[in-house]
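Here are my notes for someone opening this one for the first time. Have a look at the sequence and the model, then read the points in order.

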Amino acid sequence: MIIQQRKANDILPSEITPKSTYLNRRKFMTGALTSAAALATSPVLAIQSADGKPALSSPNELQKQILAASETAWGKDETLSPYSAVTQYNNFYEFGTGKTDPSRYAGDFKTDGWKVEIGGECEVKGQFTLEDILKPLDLEERIYRLRCVEAWSMVIPWIGFPLAELLKRFKPLSSAKYVEFTTIEDPEQMPGQRSVFSTIDWPYKEGLRMDEAMHPLTLMAVGLYGEILPNQNGAPLRLVVPWKYGFKSIKSIVAIRFVEEMPSTTWNDLAPQEYGFYANVNPKVDHPRWSQASERRLPNGLFSANRIPTQMFNGYASEVEGLYSGMDLRRFY
Amino acid sequence: MSILSAISNKITSVPVFWRRFIITGLSALPALYILQLVVRIQTGERDLLGPEPGKALVWLTGTWAFNFLLIALVVTPLYRLLNQRWVLVHRRMLGLWAFLYTSLHALAYATFLLQWQWADITSEIVKRPYLLLGTGAWTILLALALTSTRWAQKSLGKRWKALHKLVYFAALLASVHYLLQIRAGWFEPVLYTVLTILVLLVRNRRFEGFWKKSDKI
């Protein structure tokens, strides 16, 4: 468990989430449990126990685990982006390229029985169910800023666990220099993967350098806003790397591999001059087609773009700049 | 051909005033739709167009600008195909609507995205060449709108036709303006570009033989 203290350069927000809202959030979460238990029609409760009453199947266990998540100091002073914005404005090209496509088409996406394949340069390999992965872990809530490469940003209360805690269990070998992540490839469920108009070579792949993956800031999320991760946000398991552009935070992960060479990653393959492997948030290195010096904090209004200056490493510089000492970040963007 | 001329006769039986009235009404519909979106967002329905309503409106106005540009461009080929003068009567008005929607698009960009921060525009234009192309297309349409009167037509004489041929250049600029914004989904920009090229080919007299002959059979 990492005790995080506020660093001097952390953002001081102009607005603070009111205490009443914060308390209501806990109330809302308790309510969610009750209603989840009451929803006997929900497919997640389809498994019946001997006495005919619905048994707690895994998603319900997950919900319980999410409710038990501990709070952390991360982002406590940030103003959260509303739930509607977080869940209805997504880049998840597997469900379509429009921002509302994921929330529109991911509703029926099946995540039960989810398995993750672990392989590569590590001692412990094989297929692990989501329950296997989560069982020994305590979940925590972390409020992180998310900066998209498209120059908009949000503040999201994730629920998850440090990726390092998971990776250690597979005993990576010293030859493991990078970690490669893969999203599910399932064209039947994902209209974006069926589309002939997409230029992406599915499945979506991302990667981190080993030290980035093991960094205490790097989170694996299974929930947000006190709930199980909505499908459009990358259910049931997604990465959150808050100092990198959003596309690094790969969704709906089905495979994690420890590799020796820098893995190829989807956006870097598609347009290497626009999207680097590192993709650290950097206001001084522009995207070839637009400036990265500022960002639009969403939601914004018609007559107020809510434009704020972008911070180096998305404001997490004091935590992560050490990872890149001596590196030319203009070259390794 | 008989069906076409029958339809054509039906349409021409409607007085030109009413035809203009109907076209104006239909052309104004998207603008009214966009206007009510703005009003609803400003009066509390903040989620109506998602968390970035300004951007959504810039895209919506841009799409309609391109739609009307294509509609206006298709008038002349349609006239040649039908050999009916009544089509031409409405060309000026449709062109002006294309100019109006392009202006709305530019206005939406300046208001919602640029927020009238003109200090940012130089760096924006350097970073985003598509802005320059869009501005170029709008400037051409402005010149054409200003010289769309009968008086301008008469006083410019032969030069009027040469000037107004620039509309094809504006359409090409608009296509590239759109294409430059592709990230991964290329369907719509490519569709509009293909339509633009088709209209330009059909319009070109050298290619006219292909479709005109085959159509008469």
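**Notes on the two chains**

1. Let's start with a charged residue: Arg209(A) is buried, its relative accessible area being 13% (buried means under 20% relative accessible area, exposed over 50%, partly exposed in between, with a 1.4 Å probe and protein chains only). Arg209(A) pairs with Asp211(A) in a salt bridge, with 2.9 Å between the closest N and O atoms; the term stands for a side-chain nitrogen of Lys or Arg within 4 Å of a carboxyl oxygen of Asp or Glu. Asp211(A) counts as partly exposed, at 33% relative accessibility. Elsewhere, salt bridges with shared partners tie Glu78(A), Arg145(A), Arg147(A), Glu295(A) and Arg297(A) into one network.

2. A word on how to read all this: the model is predicted, so local features need pLDDT of at least 70 and side-chain atom pairs count only at pLDDT 80 or more, while totals for chains, interfaces and linings use all residues. Residues are numbered from 1 along each chain as its sequence is written, chains are lettered from A and ligands numbered from 1 in the order in which they are written, and side-chain values use heavy atoms, leaving out hydrogens and water.

3. What does chain A look like overall? Chain A has 10 helices and 13 strands, where helices (H or I, at least four residues) and strands (E, at least two) are DSSP runs numbered from the N terminus. Of its 333 residues, 55% are buried. Taking contacts in chain A between residues at least 6 apart in sequence, 71% join residues at least 24 apart; contact here means heavy atoms within 4.5 Å.

4. Chain B has another make-up: 12 helices and 0 strands. Its C-alpha trace spans about 55 × 40 × 35 Å along the principal axes. Buried residues account for 40% of the 217 residues in chain B. For contacts in chain B with a separation of 6 or more, 68% come from residues 24 or more positions apart.

5. One helix of chain B is worth a look. H5(B), residues 91–113, has 23 residues and reaches 32 Å from first C-alpha to last, close to the 33 Å expected at 1.5 Å a residue (the expected span is 1.5 Å times one less than the number of residues). Just after H5(B) comes Gln115(B), with a positive phi of about 55°.

6. Now for the interface. How many residues of chain A are in contact with chain B? The count is 33 residues of chain A against 26 residues of chain B. Together the chains bury about 2,600 Å², 51% of it on carbon and sulfur atoms; that buried area is the accessible area (1.4 Å probe) that two parts lose on being put together, summed over both. Phe197(A), Arg289(A) and Leu302(A) supply 33% of the area that chain A buries against chain B, more than any other three residues.

7. Polar links across the interface: the rule finds 1 salt bridge there, and Glu52(B) and Arg296(A) meet in a salt bridge through their side chains (2.1 Å, N to O). There are also 8 residue pairs in polar contact between the chains, both residues at pLDDT 80 or more. A polar contact is a pair of N or O atoms within 3.5 Å; within protein, one must be able to donate a hydrogen and the other to accept it, and residues adjacent in sequence count only if both atoms are side-chain atoms. On the side of chain A that touches chain B, helix H3 (83–88), strand S5 (152–162) and helix H9 (266–270) of chain A each supply at least two residues.

8. Back inside chain A, please check two more pairs among the 15 salt bridges over all chains. Glu150(A) and Lys99(A) pair with their closest N and O atoms 3.0 Å apart. They sit 51 residues apart, Glu150(A) in the loop between strand S4 (140–147) and S5, Lys99(A) in the loop between H3 and helix H4 (101–105) of chain A. Glu150(A) is buried, at a relative accessible area of 10%. Lys205(A) and Glu180(A) form the other, at 3.8 Å between the closest N and O atoms. Lys205(A) lies in strand S7 (residues 205–209) and Glu180(A) in strand S6 (residues 178–183) of chain A, 25 residues apart.
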